[in-house]
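Please find below some notes on side-chain contacts and on one pocket, set out as numbered points.

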Amino acid sequence: MSLTVTATFMLADWIAKGLADGTFERFGGVIREVGTKHVVTWLKDITANSSQMPTPTGSSPNLLNLIFSGANLAGSVANAAVTGKGLGVVNQRLGGLEQASFGNLAVSGVTLVASVANAAVTGKGLADVNQRLGGIEQQVGNIHQGLQQAQGILQVASAASVLNLGVAVMGFAVLNQRLNELEQRLKQSEELLNKINRKIDIGYYANFKAAIGLAMNAFTMTKVENRERMAIEAINRFLEAEHIYTDYTDKELEQGSQIADEYLLTLSLAYIAEARCHLELGEPETALSRFQEGAKVVRSRTQKYVDLLLTSNPAAYLQPQFKGKIDLRRLTRIYQWIDPALDENAVFELQRENLLKIAQDPDKWAESLPAAILSRVEVAGGWFGPNAGDLKREADKRLPEVLEVIESMVETNRRFEAYQTEVQAIAQLGITFHDWLKLTPSIESKPDGAELMYIIPSQPLKLQLSV
């Protein structure tokens, strides 16, 4: 059976149901079966490029818009003149509804239109049409509510990440923007680092961005030999960036530094930039091997950083003052990234003794905090500097935000790893990367406010991640 994919702006009911009942899980930019890990859907950001998103010719009207115009439509029916012309207007507007589709909602326009056409020109005929329209609006409203719930199940909107959902969206312009953001974050850290006589080198960011500019120029070349030559030069610079930022990351992790995450994220971007060049050159096998190597390098260092931020006593995140802000489920999701076999009970058992330790001596934990969370120079104290109590009070203020940083790093790493599945899918589907980039719904117009596009294979794909 040949494999095909369908692009849609609408989350299918069966996928939403699978996410709700735990049959499916979101892993970065893919939705996959929990047991087999087979991919059933890719997610693709479209908000950033919504203005460029093509609108198919002759596409059907979108029901998200019809939700808001439904009241006007019903009003038109109710106020239509009891004449053949009035029913003709209703018939026309019902025909528009008939063309629309939303998930598995089947609006039987043929039957409805026939009912309107044959309705006696009486108040009873119009009342029947109005009643049936009300039923349609109710179904649309229910589905819209269901999609909002599904968006919550996906937990995409709240998942902060430097990386987009899908390597197809991580073009060179996006990579350059992310680099600028990371460079600014490093510059903001300089003042604090100067207080502890730490110097940081951000000079290589200029070289990295120059390499991205080189890649962007390469793939606008019309002559193949010029494009390949310039792309290879860019790839060599990205390889250099990978080595440099691996070294920077390791040194900052060793010191428990506040800027370890910036270098780690920059390292991820270097691997993505290199792999993207190989994809643009039509070399998905090479791109996959680079993603696989990058996944191992980035994953091991991300875990070190997560361990660092969990501190010597992760139970600190479960202190009573964080009730309503941090719960065991959030901590469990982080531990499940480290070891998927862990559940909430197992995580609680890991923290049972830690809870006792922090209850017996609440200030001692703060003395061993890494600079990534709190540096002593940031805390005001007495003549001899801050004591353990001072450190503890300041650390407690920061922990909710630190947990968000951990969650962001985990989400970013999952998205990076999930990029492998896109490259593997291209090979299994027998299409080019440029064809993958062009995937878009052929019979739908983009709903206002839509944030995601869903790419669904005709059957779940068995794709293996390297980590």
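1. In this note, buried means under 20% relative accessible area, exposed means over 50%, and partly exposed lies in between, with a 1.4 Å probe and protein chains only. The model is predicted, and local features need pLDDT of at least 70, side-chain atom pairs count only at pLDDT 80 or more, and totals for chains, interfaces and linings use all residues. Residues are numbered from 1 along each chain as its sequence is written, and side-chain values use heavy atoms, with hydrogens and water left out.

2. Rings of Phe, Tyr and Trp (its six-membered ring) are paired if their centres lie within 6.5 Å, with planes under 30 degrees apart called stacked, over 60 edge-to-face and the rest tilted; the count by this rule is 12 aromatic pairs. Trp14 and Phe24 make an edge-to-face pair, at 5.9 Å centre to centre and with 80° between the planes. Because Trp14 belongs to helix 1 (residues 13–21) and Phe24 to strand 2 (residues 24–27), the pair ties together parts that are 10 residues apart in sequence; helices (H or I, at least four residues) and strands (E, at least two) are DSSP runs numbered from the N terminus. Phe24 counts as buried at 10% relative accessibility, whereas Trp14, with a relative accessible area of 42%, is partly exposed.

3. Tyr248 and Tyr263 form a tilted aromatic pair, 5.0 Å centre to centre with 50° between the planes. Tyr248 lies in helix 8 (residues 224–254) and Tyr263 in helix 9 (residues 260–280), so this pair ties together parts 15 residues apart in sequence. Both Tyr248 and Tyr263 are buried, and they belong to one aromatic cluster with Tyr204, Tyr205, Phe208, Phe238 and Tyr245.

4. A salt bridge is taken here as a side-chain nitrogen of Lys or Arg within 4 Å of a carboxyl oxygen of Asp or Glu, and by this rule the count comes to 24 salt bridges. Arg32 is joined to Glu25 by such a bridge (2.9 Å, N to O); Arg32 counts as buried at 12% relative accessibility, while Glu25 is partly exposed at 24%. Arg32 also lies over the face of Phe27, at 4.1 Å from the ring centre, where a charge sits over a ring if NZ of Lys or CZ of Arg is within 6 Å of the ring centre and within 35 degrees of the ring normal.

5. Glu242 and Arg290 meet in a salt bridge of 2.8 Å, N to O. This pair links distant parts of the chain, with Glu242 in helix 8 and Arg290 in helix 10, 48 residues apart. Glu242 and Arg290 are both buried, and a network of salt bridges links them with Glu274 and Glu293.

6. Within helix 13, Arg415 and Glu411 are 4 residues apart, about one turn of the helix, and their side chains form a salt bridge (2.6 Å, N to O). Arg415 is buried, with a relative accessible area of 5%, and Glu411 counts as buried at 7%.

7. Which helix gives the most to the lining of the second largest pocket? Helix 13 does, with 7 residues, and helix 6 (172–195), helix 9, helix 10 (284–310) and helix 13 (388–429) each supply at least two. The lining divides into 10 nonpolar, 6 polar and 5 charged residues, where Ala, Val, Leu, Ile, Met, Phe, Trp, Tyr, Cys and Pro count as nonpolar, Asp, Glu, Lys and Arg as charged, and the others, Gly among them, as polar. A pocket is an open set of points on a 1 Å grid over the protein atoms alone, where a 1.4 Å probe fits, with protein on both sides within 12 Å along at least five of seven lines, and lining residues have an atom within 4 Å of a point.
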